[in-house]
Amino acid sequence: MQMTSASTTKATTTPSATAGASTEIAADHRELVGAHGRTTIADQVVSKIAGIAAREIDGVFALGGQTARIVGRVREAIPGGGPSITQGVTVEVGEKQAAVDLGLVANYGVAIHELAAAVRSNVINAIQDMTSLEVTEVNIAIHDIHFEDDETTAEPAEPRVQ
């Protein structure tokens, strides 16, 4: 695989695009189709980047709604299975743009609007830096709030039959 630097590929598109809070991307960094070939980025790649970037923010307990988290626990319990980085992440990737939908569980006590803004910013920056795709939107759904005492281990109940 041969990679060329952004300075050797001249952009032939319109001026730079903006995303989110007017984060500007130079047109030559967005160029994924050049004189030497085309670069395509799979949805799965962008999903993983978004999932990792969202989890980096303090106050995010988990990604995904209740069903996704239950399925994730089952997957982790299976030998050889591990946590899914893309749980709770849905993306749509085009030739030059990507849109992201995230579902997450916030820790109790965190200002949700600040958490959403921080997650959105980190996801946009990570995707744009790693793929040079313009992120058109990052929609965030807060599915639940996690309390510290939610994870206390309760004594198993006595069986009703013997």
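Helices are DSSP runs of H or I, at least four residues in length, numbered from the N terminus. Helix α4 in this sense is the place of Glu114. The model described here is predicted.

The protein has four helices and eight strands. Along the sequence these follow the pattern β-β-α-β-β-α-β-α-β-β-α-β. Of the 162 residues, 33% count as buried. Contacts across the sequence are well represented. Among contacts with a separation of 6 or more, 66% come from residues 24 or more positions apart.

Strand β7 has several pairing partners. With β5, the pairing is antiparallel and spans three bridges. Leu63 has Leu104 of β7 as its bridge partner. Strand β6 also runs antiparallel to β7, and five bridges join the two. Here Val93 stands opposite Ala98 in β7. The connection from β6 to β7 is a hairpin of three residues. With β8, the sense changes: β7 and β8 pair in parallel, over eleven bridges. Leu104 takes part here too, with Ile142 of β8 as its bridge partner. Leu104 thus has a bridge partner in Leu63 and another in Ile142. Burial of β7 was then examined. Eight of its eleven residues are buried, so the strand is largely enclosed by the rest of the structure.

The parallel strands are linked through a helix. β7, α4 and β8 make a β-α-β unit, and this unit is right-handed. The same elements recur in the nonpolar interior. The largest nonpolar core holds 28 residues. Those with the most contacts inside this core are Val100, Leu102, Leu104, Val119, Val123, Ile127 and Val138. Two or more residues come from each of α2 (43-55), β5 (60-63), β6 (89-93), β7 (97-107), α4 (112-131) and β8. Helix α4 gives the largest share, seven residues. Val123 illustrates the packing. Leaving aside residues up to four places away in sequence, Val123 touches Ala50, Ala53, Ala54, Val100, Leu102 and Val138.

Polar groups also occur at buried positions. Glu134 lies in strand β8, which spans residues 134-146. Its relative accessibility is 12%, below the 20% cut-off, so Glu134 counts as buried. The Glu134 side chain makes a polar contact of 2.9 Å with the side chain of Gln97. Ser132 is found in the loop between α4 and β8. At 14% relative accessibility, Ser132 is buried as well. The backbone of Ser132 deserves a note. Most residues other than glycine have a negative phi. Phi of Ser132 is positive, near 60 degrees, and this residue is not a glycine.

Aromatic pairing was considered next. A pair of aromatic rings is described by the distance of the centres and the angle of the planes. The count comes to one aromatic pair. The ring centres of Tyr108 and Phe147 are 5.0 Å apart and the planes stand at 35 degrees, so the pair is tilted. Tyr108 lies in the loop between β7 and α4, and Phe147 in the segment after β8, so the pair ties together parts that are 39 residues apart in sequence. The two residues were also compared by accessibility. Tyr108 is exposed, with a relative accessible area of 60%. Phe147 is partly exposed, at 36%.

Two further residues, both in helices, were related to positions elsewhere in the sequence. Glu114 of α4 is exposed, with a relative accessible area of 52%. Glu114 and Gly59 are 55 residues apart in sequence, and their C-alpha atoms are 9.8 Å apart in space. Gln44 belongs to helix α2. This residue is partly exposed, with a relative accessible area of 43%. Gln44 and Thr86 are separated by 42 residues in sequence and by 7.9 Å in space, C-alpha to C-alpha.

How values were computed
Residues are numbered from 1 along each chain as its sequence is written. This is a predicted model: local features need pLDDT of at least 70, side-chain atom pairs count only at pLDDT 80 or more; totals for chains, interfaces and linings use all residues. Side-chain values use heavy atoms; hydrogens and water are left out. Buried means under 20% relative accessible area, exposed over 50%, partly exposed in between (1.4 Å probe, protein chains only). A polar contact is a pair of N or O atoms within 3.5 Å; within protein, one must be able to donate a hydrogen and the other to accept it, and residues adjacent in sequence count only if both atoms are side-chain atoms. A nonpolar core is a set of buried Ala, Val, Leu, Ile, Met, Phe, Trp, Tyr and Cys residues joined through side-chain atoms within 4.5 Å. Contact means heavy atoms within 4.5 Å. Two strands pair if DSSP finds at least two bridges between them. A crossover is right-handed if, with the strands pointing away from the viewer, the path from the first strand over the helix to the second runs clockwise. Rings of Phe, Tyr and Trp (its six-membered ring) pair if their centres lie within 6.5 Å; planes under 30 degrees apart count as stacked, over 60 as edge-to-face and the rest as tilted.
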